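Trainee: Please give me a close look at one part of this model: the strand pairing, together with whatever sits beside it or between its pieces. Take it slowly and define the terms as you go.

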Amino acid sequence: MEQALKGMKVIDLSQVLAGPYCTMVLGDMGADVVKVEKFPSGDDTRLMGPYINEESYMYMMVNRNKRGVCLNLKTDEGLQVLYKLIKDADVFIENYRPGVTKKLGIDYETLKSINPSIIYCSISGYGQTGPYKNKGGFDIMAQGLSGLIDMTGERQGKPVKVGIAIHDIAAGQTAIQSILAAYIHRLKTGTGQYIDVSLVDSGLAWTVWEAAAYFGKGEVPRRNGTAHRVSAPYQGYKTKDGFILIGAANQKLWEKFCLEVVHKPEWIRDERFLTNSIRAQHVDELEVEMEKVLSQQESAYWLDLLDKNGIPSGPIYSYDQALADEHIISREMIIDYEHPVAGAMKTLGFPAKFSETPGQLRNPAPLLGQHNKEVLVELGYSIEEIESFMANSVLKN
């Protein structure tokens with residue numbers, strides 16, 4: 001099957017997570033992604049473990065389906081190589097702060113003069129405008145600025161960072177959808193454009209229900225553990241041997257839960273629990289009452305009973321349990337493949353299941369500078385020129 005983005009050419013100058021995640025997904029969908037890494041050490045994640053045969057697993061996780069070039073952009077020759085790459089590209093991605101790209105000679109105006117239809121996407125912590133544009137920003141700072149850390153954790157506990165780099169992934173996802181929209185626009189009009197994506201904006205844009213509560217009634221989101229802000233029961237509850245999730249959040253499910261699962265018809269008539277909104281106001285009292293019952297049986301017992309009665313529920317897995325679950329495996333969310341140095345590997349699968357243009361793992365993450373010769377030959381350089389570049393620290397040897 002031909003992939004959806006076959007023919008799209010992407011030059012990726014980003015590193016670590018947000019940009020590489022974006023270009024990985026584009027590559028999964030068929031784009032030809034050339035990852036240009038800084039000379040001589042490459043992407044910073046190459047220095048982050050764990051390692052398999054001295055190759056970083058973190059690097060390999062988000063750089064599949066790319067070709068790799070290690071290029072010294074501080075040399076005139078290196079910059080000219082990049083310009084040749086840009087001339088025939090559809091998309092260019094970088095993650096520098098404002099001003100740095102101009103110093104390097106890779107700002108939008110410069111690259112637009114080389115390729116007027118280029119789609120140029122910049123991904124940074126705070127964006128290219130605003131008072132914080134020149135501040136360094138990682139995912140954790142974005143979580144703090146967006147209010148996410150303050151609303152995460154147990155009610156009486158300390159603020160807690162979300163367990164994954166959620167703003168990085170949000171920025172990567174925002175860049176993906178923005179690039180695809182710009183690509184469609186370019187197919188219609190022939191016109192490229194500049195896209196400014198920030199970690200802060202991308203994560204903040206996901207707080208839609210929290211914004212509704214704040215704009216609608218001035219309610220500042222508080223830490224609620226696993227509890228929902230406006231629905232109950234909708235959280236994790238303690239059983240005899242662990243915790244389970246229950247989502248009996250509408251009245252029909254709530255009454256069925258009371259009658260068929262815990263056999264507590266009196267809860268339906270309890271003034272504290274009459275409606276969903278009232279239950280949400282008494283969520284702590286409801287939790288106490290429910291756990292008195294749920295703690296009498298093991299998690300498996302309750303999950304089976306809840307499932308039989310059509311009440312949304314589920315386990316709270318550790319990560320190893322999640323990856324071993326039969327449903328995750330059946331959905332092909334774990335892929336086995338072979339890396340030329342690291343050997344037998346596993347990686348995460350493709351979350352979207354296309355009927356006609358499915359994602360494919362065509363190539364493992366590149367070794368540092370693995371495709372230097374291949375890519376430069378495509379650009380018209382001779383083997384002698386390429387070897388000279390390697391000898392003169394323009395390319396990684």
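Mentor: Helices and strands here are DSSP runs, H or I over at least four residues for a helix and E over at least two for a strand, numbered from the N terminus. The model is predicted, with pLDDT of at least 70 required for local features and 80 or more for side-chain atom pairs, while totals for chains, interfaces and linings use all residues. Residues are numbered from 1 along each chain as its sequence is written, and side-chain values use heavy atoms, with hydrogens and water left out.

Start with the parallel sheet. Six strands make up this open sheet, in the order S5-S2-S1-S6-S7-S8, and they pair in the parallel sense; two strands count as paired if DSSP finds at least two bridges between them. At its edges are strand S5 (66-71) and strand S8 (193-198), each of which pairs on one side only. On average, neighbouring strands of this sheet are turned by 20° against each other, direction ignored. Such angles run from 0 to 180 degrees between N-to-C directions, with axes fitted as lines to C-alpha atoms, for helices over the stretch in contact.

One pair within the sheet can be followed in detail. Strand S1 (residues 9-12) is joined to strand S6 (residues 91-94) by three bridges, running parallel, and Val10 stands opposite Val91 of S6. Helix H1 packs on the sheet and touches S1, S2, S5, S6 and strand S7 (119-124), where contact means heavy atoms within 4.5 Å. The direction of H1 makes about 160° with that of S1.

Now the chain around these strands. Pro50 is placed in the loop between strand S2 (32-38) and strand S3 (51-52). The peptide bond that joins Gly49 to Pro50 is cis, with omega at about 5°. Further along, the loop between S3 and strand S4 (55-56) holds Asn53. Asn53 has a phi near 50°, a positive value in a residue other than glycine.

Helix H7 comes next, and its length can be checked. The expected span of a helix is 1.5 Å times one less than its number of residues. For the 24 residues of H7 this gives 34 Å, and the end C-alpha atoms are 34 Å apart, so the two values agree. Just after H7 comes Gly190, which takes a positive phi of about 80°.

The other sheet to look at is antiparallel. Three strands form it as an open sheet, in the order S9-S10-S11. Strand S9 (234-238) and strand S11 (313-315) are the edge strands with a single partner strand each, so one side of each is left without a neighbour in the sheet. The average turn between neighbouring strands here is 25°, direction ignored.

S9 and S10 form a hairpin, with four residues between them. The two run antiparallel and are joined by five bridges; Gln235 has Ile246 of S10 as its bridge partner. On the approach to S9, Pro233 is found in the loop between helix H9 (208-217) and S9. The bond from Ala232 to Pro233 is a cis peptide, with omega near -5°.

The remaining pairing is between strand S10 (residues 243-247) and S11, which are antiparallel and share three bridges. Ile244 has Pro315 of S11 as its bridge partner. Helix H13 (residues 283-294) packs on this sheet, where it touches S9 and S10, and its direction makes about 45° with that of S9. Helix H14 (residues 299-308) lies across S10 and S11 and runs at about 20° to S10.

To put the two side by side, the six-strand sheet pairs in parallel, whereas the three-strand sheet pairs antiparallel. H1 packs on the six-strand sheet, while H13 packs on the three-strand one.
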